[in-house]
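Student: I am new to this structure and would like a close look at one part of it. Please start from a single residue and work outward in one connected account, so that I can follow along on the model.

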Amino acid sequence: MIEKKELRLKLKAIPMVNSEYDPRVVSKLNDIIKNKIVCTYIPLQNEININDYLSTHALLTTTCLINDEIKICKYEKPFEINKYNVYQPIDIKIIDRADVFLVPGIGFDIKGRRLGRGGGIYDQLLSKFTDSIFLGITDNNHLVDYIPHEIHDINMDGLITHDEIIEINI
């Protein structure tokens, strides 16, 4: 069985495709997030930017780091890079809940298992919001048959690629 570290290296070597989304995917995604508090991410160079397609949410939030703890805050420019090399708002306004999380990853499998950057930061955050919907954002090149799974890993309820939404637990 391939280890997480080896799989992470293999998937990082494949560029993430950042192309147009199928209008049916955008429509379905906006149905899911309609009038909800959505926690998204501010994409890094190797992550897909889905934020331009989000239009029906009640409030858009993102993650931020405060005293080494990951929290949710209002998505508001300007941004700065925190110690994990992730963008976050400079002026942080904490939000205490999110209905839907849009989660980046290096890879996902069709059961919703996610391979992140290796720090477990997202898993720590998501474990506090078990009633929320978790949607992994990826492309078809980063969907694999199997992601090794540990007890602390949080599964996604669905996966979003440029041409489909894979429902797992929605």
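Tutor: Gln 124 is placed in helix α3, which covers residues 121-126, and, since this is a predicted model, everything said about that residue and its surroundings is computed from predicted coordinates. Because its relative accessibility is 45%, Gln 124 counts as partly exposed, a class that lies between buried, under 20%, and exposed, over 50%. If you look from Gln 124 to Ile 151, you cross 27 residues along the chain, while the two C-alpha atoms are separated by 12 Å.

Helix α3 also leads to the open space in the model. The largest pocket holds about 810 Å³ of space, and of the 41 residues that line this pocket, Glu 47, Arg 114, Gly 116, Arg 117 and Gly 118 are the closest to its centre. Helix α3 is one of the elements that give two or more residues to this lining, the others being α1 (4-12), β2 (59-66) and β8 (114-115). Sorted by class, the lining of the largest pocket has 19 nonpolar, 13 polar and nine charged residues.

There is an enclosed space to consider as well. A search of the whole structure finds one cavity of 30 Å³ or more, and the largest cavity contains about 30 Å³ of space. Its lining is made up of Arg 113, Arg 114, Asp 123, His 149, Asp 153, Ile 154 and Asn 155, and by class these are one nonpolar, two polar and four charged residues. Arg 114 therefore deserves a second look on the model, since this residue lines the cavity and is also listed among those closest to the centre of the largest pocket.

Helix α1, another contributor to the pocket lining, contains Lys 4. With a relative accessibility of 13%, Lys 4 counts as buried, because that value is under the 20% cut-off. Apart from its neighbours within four places in sequence, Lys 4 is in contact with Leu 115, Pro 148, Glu 150 and Asp 153, and Asp 153 is one of the residues that line the cavity.

Strand β2, which also gives residues to the pocket lining, has six of its eight residues buried, so this strand is largely enclosed by the rest of the structure. On one hand, β2 runs parallel to strand β1 (residues 37-39), to which three bridges join it, with Cys 39 having Thr 61 in β2 as its bridge partner. On the other hand, β2 pairs with strand β3 (residues 69-74) in the antiparallel sense over six bridges, and here Ile 66 stands opposite Glu 69. The strands β2 and β3 form a hairpin with two residues between them, and Asn 67 in that turn has a positive phi of about 50°.

From β1 you can carry on to β6, since two bridges join these strands, which run parallel, and Val 38 stands opposite Val 100 in β6. Five of the five residues of β6 are buried: Val 100, Leu 102 and Pro 104 lie on one side, Phe 101 and Val 103 on the other, and both faces are covered. That arrangement may be read beside a general point, that in a regular strand the side chains alternate between the two faces of the sheet. Strand β6 in turn runs parallel to β9, with five bridges between them, and Val 103 stands opposite Gly 136 in β9.

The last step goes to the nonpolar interior. The largest nonpolar core has 38 residues, and those with the most contacts inside it are Tyr 21, Leu 29, Ile 50, Phe 101, Leu 102 and Ile 160. Helix α3, where we began, supplies at least two residues of this core, as do α2 (23-33), β1, β3, β6 (100-104), β9 (133-137), β11 (158-160) and β12 (165-167), while α2 gives the most, with five residues. Leaving aside neighbours within four places in sequence, Ile 160 is in contact with residues including Tyr 21, Val 25, Leu 29, Ile 50 and Leu 135. A second, separate core of six residues includes Leu 11, Ile 106, Leu 115 and Val 144.

Terms used:
Residues are numbered from 1 along each chain as its sequence is written. This is a predicted model: local features need pLDDT of at least 70, side-chain atom pairs count only at pLDDT 80 or more; totals for chains, interfaces and linings use all residues. Side-chain values use heavy atoms; hydrogens and water are left out. On a 1 Å grid over the protein atoms alone, a cavity is a set of points where a 1.4 Å probe fits but cannot get out, and a pocket is an open set with protein on both sides within 12 Å along at least five of seven lines; lining residues have an atom within 4 Å of a point. Grid points are joined across faces, edges and corners, and a volume is the space filled by probe spheres set on the points. Ala, Val, Leu, Ile, Met, Phe, Trp, Tyr, Cys and Pro count as nonpolar, Asp, Glu, Lys and Arg as charged, and the others, Gly among them, as polar. Helices (H or I, at least four residues) and strands (E, at least two) are DSSP runs, numbered from the N terminus. Buried means under 20% relative accessible area, exposed over 50%, partly exposed in between (1.4 Å probe, protein chains only). Two strands pair if DSSP finds at least two bridges between them. Contact means heavy atoms within 4.5 Å. A nonpolar core is a set of buried Ala, Val, Leu, Ile, Met, Phe, Trp, Tyr and Cys residues joined through side-chain atoms within 4.5 Å.
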